[in-house]
Amino acid sequence: MPPLLDISDLHTEFRTGAGIVRAVDGVSYTVDAGETVAVVGESGSGKSVTALSVLRLIPDPPGRITAGTVTFAGRDLLTLPEPEMRKIRGGEIGMVFQEPMTSLNPVLTVGRQITETVEQHRGLSRAEAAKRAEALLMQVGIAEPARRLKQYPHQLSGGMRQRVMIAIALACDPKLIIADEPTTALDVTIQAQILELMKALTRDLGIALIIITHNLGVVARYANRVNVMYAGRIVESGPAAEIYHDPRHPYTVALLRSVPRLDRPRQARLDPVEGQPPDLTRLDAGCAFRPRCRLADEGCAVARPPLVPVGNAGHSAACFKAAA
Amino acid sequence: MSEPLLTVPPLLSVRGLRMHFPVTEGIVRRRVTGEVKAVDGIDFSIARGETLGLVGESGCGKTTTGRCILRLERPTEGEIIYDGANIATLDGKALSQYRQRIQVIFQDPYSSLNPRMKIGAIIAEPLHVHGIEPDTKKRDARVRELLSVCGLNPNFADRYPHEMSGGQRQRVGIARALAMNPEFIVCDEPVSALDVSIQAQVVNLLEDLREKFGLTYLFIAHDLSVVRHLCQRVAVMYLGRIVEMAESDALFDAPLHPYTRALLAAVPVPDPTVEQGRDFQPVKGEVPSPMNPPSGCVFHPRCPMAVPRCSQQRPEPREIRPGHIVACDEVR
């Protein structure tokens, strides 16, 4: 069976005053139906831009998708006419963004924002849509849904707003939900509630989930497969257990080694990833992680290492030094 | 309430600290309609050279506590004894003198540095304000020394904040805090705005500086793994109160208060095997409004252990084991 979503050799660039930034520089990954895939990386690694490119939400100018294909349920999203694409956004693909306060419309009631989605995509009448909205709020664990529907986003707490975002994403029975840092703005106990809710809903309804995050703990708890991004590329990809227990790319190794662990007594000293994050306007032909890499040698300056299989099935890394 | 016996008096000792903010309504005629009890009666102390972690979720009062100690707020009630003197009510010259001894490192290295000032001027500003080093040459030399102590190229003094990465800016914030040779630094979420790969660098720098200059830290954070790594003792706050306080390893290995347990369980560990092996139930509900906190124990509406009396009686902090303080009557 072909995957639900197949991103292949995607390139997205931004023309800025400082030069062309290749925010996404040849990214390929797939998501199977019902599976949870994590995309991990730091700010500027291209993880969000990849997701926005899938939805064709890159502002142009300055951004532009320059190459690649995105196949979703048999259709190429990058060549789809805009009216068709609008049916997919918020319809077959739901979205949950980081900051629920800015991604909800402050002058519309919560109810209107949900009914808008189902009226647009499903052609439901107002009354039917209102009923659906109430059922959705119930489903995402909001008490007294009828009262909440009449409220505005500022009257809700951060956790509640994110539940509303999830309700909107679920409104049209999506096959895939893209969650971009869905809990980064939330407190840790609320983060746990929201992630457990998303896990239960995607499992019960068979929805595939792309979770974009920088939190290695969240990935370990919720993802089946992991893609690690650095400077616009996937540097390592594989099943979650493989990535954590047998990381092969020096960046993944360094990142996992650098985070202190809550479940272990303190170490003498942390072992950080040295150096600064890369400046995407000044990348050369070699491996982008080379300046911070302990294994780097002259060979690493010659070309960008391709993503090749390492270790067990489904595990790959983009490093000349990663032993197969 | 008793605390572990200290052979030397603590550098900082906070007693019965309360900070209540009025809530007003009306634009022309302002009426006070309520108050937010941001900090509602807390006690703790910090020994010289020690790092105390202050953790909790947003709105629990941890930052307000830090601001009271820095005397950016005048506490509503309570004492803050610093090196033997109560600084809670200081003003004027005495306050200015106190402020030379304590410093702060803020969370956001983007908004806490003036974008129009060069790095050198930012670091030299406290020296200038307190009239410490009038000689420009010596001041420049001091700035270069501070930059290199914080792992930055001394030539960065001539740059502007926008030319630097987040991690570098936070090092500038640390250099500025060190300029006055302080003994005590309030670190308010110093690494949470940084990228994961940069956090460890800054944590190591804070540790090195603590050793090198014999600093004492109050480390305010919500990232519990960093707190475990950096702090000798930890206090957990919830709705303006300290619910548990203990040695770091005791608190993280065997938390006693139900809120601390919920908080620790909510943090996912970067290890899929550990995560798959545990049965995780997130704590229900959200933090109530500090304007109208629940009666009795403030955590009782969300608490899995709550019994009827929890809603009537506010549990007082008690020392349940040597050095381990818990404000819960159900914990034995």
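Let me start in the middle of chain B, with strand S9, residues 233-238, where six of the six residues are buried, so that this strand is largely enclosed by the rest of the structure. I should say at once that this is a predicted model, and everything I describe should be heard with that in mind.

Both faces of S9 of chain B are covered, with B:Arg233, B:Ala235 and B:Met237 buried on one side and B:Val234, B:Val236 and B:Tyr238 buried on the other. What does S9 of chain B pair with? Strand S3 of chain B, residues 51-55, pairs with S9 in the parallel sense over four bridges, and within that pairing B:Val55 stands opposite B:Val236. Strand S10 of chain B, residues 241-247, pairs with S9 in the antiparallel sense over six bridges, and here B:Val234 stands opposite B:Ala246. As a reminder, strands of a sheet pair through backbone hydrogen bonds, either parallel or antiparallel.

S9 and S10 of chain B form a hairpin with two residues between them, and the turn includes B:Leu239, whose phi is near 45°, a positive value in a residue other than glycine. Most residues other than glycine have a negative phi, and most peptide bonds are trans. Is B:Leu239 buried or exposed? It has 24 C-beta neighbours inside 10 Å, and therefore counts as buried.

Chain A offers a residue that can be described in similar terms. A:Ala231 is not a glycine, yet it has a positive phi of about 50°, and it is found in the loop between strand S9, residues 225-230, and strand S10, residues 233-239, of chain A. A:Ala231 counts as buried because it has 23 C-beta neighbours inside 10 Å.

While we are on backbone geometry, please look at the loop of chain A between helix H1, residues 47-54, and strand S4, residues 63-72, where A:Pro61 is found. A cis peptide bond joins A:Asp60 and A:Pro61, with omega about -10°, and a cis peptide bond also joins A:Pro61 and A:Pro62, with omega about 5°. A:Pro62 is found in the loop between H1 and S4 as well.

S4 of chain A brings us to a sheet. It is an open sheet of four strands in the order S2-S1-S4-S5 of chain A, with antiparallel pairing. Its edge strands are S2, residues 19-31, and S5, residues 75-76, each of which pairs on one side only. Strand S1 of chain A, residues 5-16, pairs with S2 in the antiparallel sense over ten bridges, and A:Arg15 stands opposite A:Ile20 in S2.

The next element is helix H8 of chain A, residues 188-205. At 1.5 Å a residue, its 18 residues should span 26 Å, and its end C-alpha atoms are 26 Å apart, which agrees. The buried residues of H8 of chain A include A:Val188, A:Ile190, A:Ile194, A:Leu195, A:Met198 and A:Leu201, and among them there are also A:Gln191 and A:Gln193. Which elements cover these buried residues? The cover includes S3, H7, S7, S8 and H9 of chain A, together with H9 of chain B. Just after H8 of chain A, A:Gly206 takes a positive phi of about 65°.

That mention of chain B leads to the contact between the two chains, in which 35 residues of chain B are in contact with 37 residues of chain A. On the chain B side, the elements that give two or more residues are helices H6, H7, H8, H9 and H10, and the largest share, six residues, comes from H6 of chain B. The residues on this side divide into 18 nonpolar, ten polar and seven charged.

Finally, let me step back to the whole chains. Chain A has twelve helices and twelve strands, and its radius of gyration is 21 Å, which agrees with the value near 20 Å that a compact globule of 324 residues would have. Buried residues make up 49% of chain A. Chain B has ten helices and twelve strands; its radius of gyration is 21 Å, close to the 20 Å given by the globule rule for 332 residues, so chain B is as compact as a globular protein of that length. Buried residues make up 45% of the 332 residues in chain B.

Terms used:
Residues numbered from 1 in each chain as written. Chains lettered and ligands numbered in written order. Predicted model: local features only at pLDDT ≥ 70, side-chain atom pairs only at ≥ 80, totals over all residues. Rg over C-alpha atoms; globule rule 2.2 N^0.38 Å. Buried ≥ 20, exposed ≤ 12 C-beta atoms within 10 Å, placed from the backbone. Contact = placed C-beta atoms within 7 Å. Nonpolar A, V, L, I, M, F, W, Y, C, P; charged D, E, K, R; others polar. Pairing = 2+ DSSP bridges. Expected span 1.5 Å × (residues − 1).
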